[in-house]
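Hello,

Here is the structure I promised to pass on to you. Have a look at it first, and then read on for what turned up.

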Amino acid sequence: METKLERIADKSAQESRPIFTSLYHLLNEELLLQCHKELDGKKAVGIDEMTKEEYSRNLEENIRNLVERLRNKAYKPKPSLRVYIPKANGKKRPLGIAAYEDKIVQSGLKKILEAVYGPKFQENMYGFRPNRSCHMAIKALCTSIIRKRINYVVDADIKGFFDHMSHEWTLKFVGYYIQDPNLLNLIKKYLKAGVLEDGKYQTNEAGSAQGNIISPVLANIYMHHVLVLWYKKYFEKQGIGESFLVVYADDYLAGFEEKSEAERYYEEMQKRLGKYGLEIETSKSRLLEFGRYAKERRKRRGKGKPETFDFLGFTFYCGETQAGKFCVKAKTSGKRMRTKLKETEEWLKKNRTKPLKELMPALNRKLTGHYRYYGITYNIHALVKYHYYITKMLYRWMNRRSQKRSYNWEGFKQMLEYYPLAYPKRYYNLYA
């Protein structure tokens, strides 16, 4: 199966407009069994409440039955279970949790779509792609501003991207290379499957439930056609001056040398998105002066420091190296810092009565996860600050384990000698 997918990827890479008319048969027992093995059994369950462990008890028969239904076109995806998770701005993000069998089929579809579209995605697309990460997107952003003559940045935010992806356009974009009616019909079934929220079924007229396995690759295909190829043709190749675009799923940022070009992009980008059922959140979108000469120019006009912008959980600002040269620096965004601290406090409140030999390793795993993401060049100060707040928080909740005060500060420090808190360090060098 891996060989077949590699052949598809090779064909896609070598031909300018490859057409695939027969892919549906790849959803066979071999591929779906592999997808089952790769799924995380600890993930939340969908409306069927089926777990990986339960499905495995009669695995061969279950997979055989699933393939038979797919071949007979009798397979019908179940609605996704709607849940909400908190966002950094205090609002809640809607997620869809698919039934377990749907997760298996979506995983297979994802592999096929990635084999076809992976070679066609542009280098500036970093979200949900193999061997790519948000750190690579951040590095590309910083190096583009430093190495190119970038003076203006357009920071735009699409309003509810996953909820407003047009089904019609999604299928047209997928169908640009894939002309297998059976596979397209299966994708259409997923898009139309709907969601179950508070026991009530809701149909989907637009969008692809965020949280479903297939949604990220569909989002990449959508952005590839709507924004990335459009930018490449009209701004990278035909534009005035230097520019760049960095895309991470529905998050993207563009930079320009000329203000007129930045203004043209900002205006035409909104029209382009509108054509495909999308719009930007105007309260979160703007054009700002940023780059090597921003500080000097704003000073001449009697204005303050250069403006900053947020991207992928970081706040970016104009800075200097120790040698006095211009560089782009990033720190943990204030919103993300507050959200993480609030989440950790809730976790400590819930788990404060656990034995220290269980509590402290679990807390350190959370800290290390935070450091691994935010531990980039020039952000050590924010990590030390985070460590300080967590230490104070731990001290407070350790003294609420019972009605009697458990620790004074000296006793708490002695406890930390036996169970030390993970200390921050840099994990990713943006300028290596």
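How far apart do the C-alpha centres of domain 1 and domain 2 lie? They are 28 Å apart. Please keep in mind that this is a predicted model.

**The domains**

The domain assignment splits the protein into domain 1 (1–120 + 167–193), domain 2 (128–166 + 206–303) and domain 3 (334–418). Where domain 1 and domain 2 meet, 28 residues of domain 1 and 24 residues of domain 2 take part in the contact. Together the two domains bury about 2300 Å², and 62% of that is on carbon and sulfur atoms. On the domain 1 side, the most area is lost to domain 2 by His167, Trp169 and Phe173, which together make up 25% of what that side buries.

As for polar links, there are 11 residue pairs in polar contact between domain 1 and domain 2, but 0 salt bridges across their interface. The elements of domain 1 that each supply at least two residues to this side are β2 (92–97), α5 (100–117), α8 (167–174) and α9 (181–191). Helix α5 gives the largest share, with 8 residues. Sorted by class, this side of domain 1 has 14 nonpolar, 8 polar and 6 charged residues.

**A serine in α5**

Ser107 sits in helix α5. It counts as buried because its relative accessibility is 9%, under the 20% cut-off. The Ser107 side chain reaches the backbone oxygen of Lys103 at 2.8 Å. Leaving aside residues up to four places away in sequence, Ser107 touches Cys35, Leu39 and Ile213.

**Salt bridges**

The structure holds 17 salt bridges, and here are a few you may like to look up:

- Arg132 and Glu123 meet through their side chains at 2.6 Å, N to O. Arg132 is buried, at 18% relative accessible area, whereas Glu123 is exposed, at 59% relative accessibility.
- Arg149 pairs with Glu242, with their closest N and O atoms 3.9 Å apart. The two are 93 residues apart and link distant parts of the chain: Arg149 is in the loop between α6 (134–147) and β3 (152–157), and Glu242 is in the loop between α10 (215–237) and β6 (243–248). Arg149 is exposed at 51% relative accessibility, while Glu242 is partly exposed at 26%. A network of salt bridges links Arg149, Glu242 and Glu257.
- Arg300 pairs with Glu296, the closest N and O atoms being 3.0 Å apart. These two are 4 residues apart in helix α12 (residues 294–300), so about one helical turn separates them.

Happy browsing, and best wishes!

Methods. Residues numbered from 1 in each chain as written. Predicted model: local features only at pLDDT ≥ 70, side-chain atom pairs only at ≥ 80, totals over all residues. Heavy atoms only, no water. Domains from an automatic or database assignment. Contact = heavy atoms within 4.5 Å. Buried area = accessible area lost by both parts, 1.4 Å probe. Salt bridge = Lys/Arg side-chain N within 4 Å of Asp/Glu carboxyl O. Polar contact = N/O pair within 3.5 Å; in protein donor to acceptor, adjacent residues only side chain to side chain. Nonpolar A, V, L, I, M, F, W, Y, C, P; charged D, E, K, R; others polar. Buried < 20%, exposed > 50% of the residue type's maximum accessible area, 1.4 Å probe, protein only.
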